[in-house]
Amino acid sequence: MSTPAEKFPATDAAPDVASIDAIFKSQQETALRWRRSTAAERIERIKRLVALIQDNTDRIYQAAYADFRKPEPEVDISEIMPVLAEARKNIKKLKRWMKPLRVRPTATTFGTKAWVQYEPRGVSLIISPWNYPLNLSFMPLVSALGAGCTAIIKPSEMTPNMSALMRELIESAFDPSEVAVIEGDVRASQALLSLPFDHIFFTGSPTVGKIVMKAAAEHLTSVTLELGGKSPVIVDETSNVQRAAESVAWGKFSNNGQTCIAPDYLYVHESVRDEFVAAAGAQLEKFYGAAPEQSPDYCRIVNERHHGRIHSLMQGAVEQGAKVAHGGQSNDAECYLAPTILTDVPNDARIMEEEIFGPLLPVLTYRNLDDVLAHVNANPKPLALYLFTRDKATMNKVMSSTSAGSTGINTNMVQYLHGNLPFGGVNNSGIGNAHGHWGFKAFSHERSVVQDKFSMTKMFNPPYTDFVKKMIKFTVNYAA
Ligand code: NAD
């Protein structure tokens with residue numbers, strides 16, 4: 001396997017705007033044809049993608065290792081498995097999802113037949129981030145294909161090995177007029193965003209999400225925005241502290257903390273803080289040994305820029321009084337930062353302001369849960385909020401007083417893997433949902449159709465006789 005030093009260089013070529021335009025136009029033609037596509041045709045396209053993944057797993061492992069030394073089992077569980085599971089779900093359910101949804105007539109539409117018809121939105125753009133490069137490109141692609149859309153994928157320039165591999169694989173199985181991958185940096189994104197796509201599915205930071213939404217507004221293109229932010233964890237005094245520590249240590253440090261729904265920071269009740277910190281430290285040693293730098297199971301920060309950013313978040317916090325309770329070692333040349341737990345972090349440290357997206361866990365304490373809830377509610381609505389407790393009243397209180405894209409109770413991260421749940425954020429952490437049926441709906445337009453049989457609505461036509469007026473008044477007061 002290659003080492004990070006042998007990385008495939010990121011392409012710094014300017015985007016070929018003419019060829020992007022040509023691909024887009026060819027997809028518009030395909031999208032018109034695909035509007036009439038059957039479930040069997042869509043399933044055949046999804047199966048092509050499945051075969052690409054299954055026939056190239058070794059190359060996927062190699063690309064993930066070259067990009068940020070991601071260990072093979074983590075590639076299996078967080079890159080390949082979610083895409084294959086999503087594909088299997090679509091293959092099984094597509095026929096049912098595509099069926100028009102009959103609805104009952106209402107008082108004012110008595111005598112009509114009505115239904116919701118799911119039509120493909122058309123040509124879709126999928127812009128993906130680097131942290132789960134295959135998963136976050138191909139999972140939305142499954143939904144797009146299931147919904148009958150064509151797609152152009154713009155993967156991240158920060159994981160050039162995986163981006164190049166995805167382009168090669170897609171080119172081997174799809175015509176560019178069906179699915180295409182355009183590599184490149186922000187310039188490629190901008191060239192794509194200037195086009196009148198029918199839907200944009202963007203996964204990335206809230207900052208870039210705003211840029212994408214502004215560009216989409218130019219064409220009134222619909223958007224799904226899967227964003228990020230700071231996801232808090234609350235560990236109360238009734239919780240199973242050992243289990244909480246094990247769960248958070250896994251959620252926070254797999255993929256080196258570079259996960260949108262990873263715990264960002266943690267509020268633990270002051271009476272169990274020391275127990276939690278000791279247990280989390282012991283768990284990290286179990287996971288990665290006494291020298292995590294040597295562990296094949298601990299991946300790396302994606303590049304020097306992010307390593308420098310995360311390292312300076314740690315240094316800044318320490319300069320303001322935070323203590324390194326575990327880890328703290330850094331090797332700049334290797335983009336390595338040990339799994340690190342920080343305590344006594346001041347609330348105004350920069351680490352408490354921006355999304356950490358790396359292997360640092362600030363542990364803050366609380367005495368009164370209301371203070372934690374006030375802090376959570378004073379900040380943008382998180383993508384995920386986690387709670388470890390055995391107390392039902394606390395569970396209800398946290399759930400009813402906060403808002404978040406998703407929540408894990410006595411667990412973290414697994415909500416992403418639950419194929420029967422929607423996945424998405426709220427406001428700053430996202431707009432719209434992905435996964436399973438929700439993914440299908442994100443790429444579908446829900447078209448309302450009413451067919452007249454013996455409609456009574458003409459009763460309300462002029463001339464407005466006393467009888468008509470009475471009927472209108474009756475309807476105003478009682479129709480639902
Ligand atoms: P990013 O927003 O910097 O980049 C995402 C994509 O947008 C990349 O393909 C990039 O090339 C492109 N891009 C960057 N700047 C752009 C610009 N000015 N105009 C148009 N396109 C631009 O995000 P990232 O660093 O790749 O990923 C990390 C972020 O993504 C974190 O905030 C994380 O929480 C979030 N994320 C969210 C989810 C989710 O499902 N909600 C999943 C993974 C990551």
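**Two domains and the ligand between them**

Good morning. The protein is divided into two parts, domain 1 (17-228 + 430-445) and domain 2 (232-417). Please bear in mind throughout that this is a predicted model.

Let me begin with how the domains are arranged. Taken over C-alpha atoms, the centres of domain 1 and domain 2 are 31 Å apart. Domain 1 brings 20 residues to the contact, and domain 2 brings 21 residues. The size of an interface is often expressed as the accessible area lost when the parts come together. Between domain 1 and domain 2, the buried area is about 1,700 Å², and carbon and sulfur atoms give 55% of it. On the side of domain 1, Phe68, Arg69 and Trp130 supply 30% of the area buried against domain 2, more than any other three residues.

Two of these residues deserve a further word, and I shall take Arg69 now. Arg69 sits in the loop between helix H3 (57-68) and helix H4 (72-98). Its phi is near 55°, a positive value in a residue other than glycine. As background, most residues other than glycine have a negative phi, and most peptide bonds are trans. On the second point, the model also has a cis peptide bond, from Pro462 to Pro463, with omega near 0°. Pro463 belongs to the loop between strand S18 (444-452) and helix H15 (466-478).

I turn now to the ligand. Where does the ligand lie with respect to domain 1 and domain 2? It lies between them, because both domains give residues to the shell around it. That shell holds 27 residues, the closest being Lys154, Glu157, Ser205, Leu227 and Glu355. Sorted by class, 15 are nonpolar, eight are polar and four are charged.

Which side chains make polar contacts with the ligand? Trp130, already named at the domain interface, has a polar side-chain atom 3.0 Å from an oxygen atom of the ligand. For Glu157, an N or O atom in the side chain is 2.7 Å from a ligand oxygen atom. Ser189 places a polar side-chain atom 2.9 Å from a nitrogen atom of the ligand. Taken alone, the ligand exposes 840 Å², and the protein buries 91% of that.

Finally, the secondary structure. Helix H7 (186-193), strand S6 (199-203) and helix H8 (206-219) are the elements that give two or more residues to the shell around the ligand. The largest share, three residues, comes from H7.

Thank you for your attention.

Notes:
Residues are numbered from 1 along each chain as its sequence is written. This is a predicted model: local features need pLDDT of at least 70, side-chain atom pairs count only at pLDDT 80 or more; totals for chains, interfaces and linings use all residues. Side-chain values use heavy atoms; hydrogens and water are left out. A residue is near a molecule or strand if one of its heavy atoms lies within 4 Å of it. A polar contact is a pair of N or O atoms within 3.5 Å; within protein, one must be able to donate a hydrogen and the other to accept it, and residues adjacent in sequence count only if both atoms are side-chain atoms. Accessible areas come from the Shrake-Rupley method with a 1.4 Å probe; for residues, only the protein chains shown count as cover. Helices (H or I, at least four residues) and strands (E, at least two) are DSSP runs, numbered from the N terminus. Ala, Val, Leu, Ile, Met, Phe, Trp, Tyr, Cys and Pro count as nonpolar, Asp, Glu, Lys and Arg as charged, and the others, Gly among them, as polar. Domain bounds come from an automatic or database domain assignment. Contact means heavy atoms within 4.5 Å. Buried area is the accessible area (1.4 Å probe) that two parts lose on being put together, summed over both.
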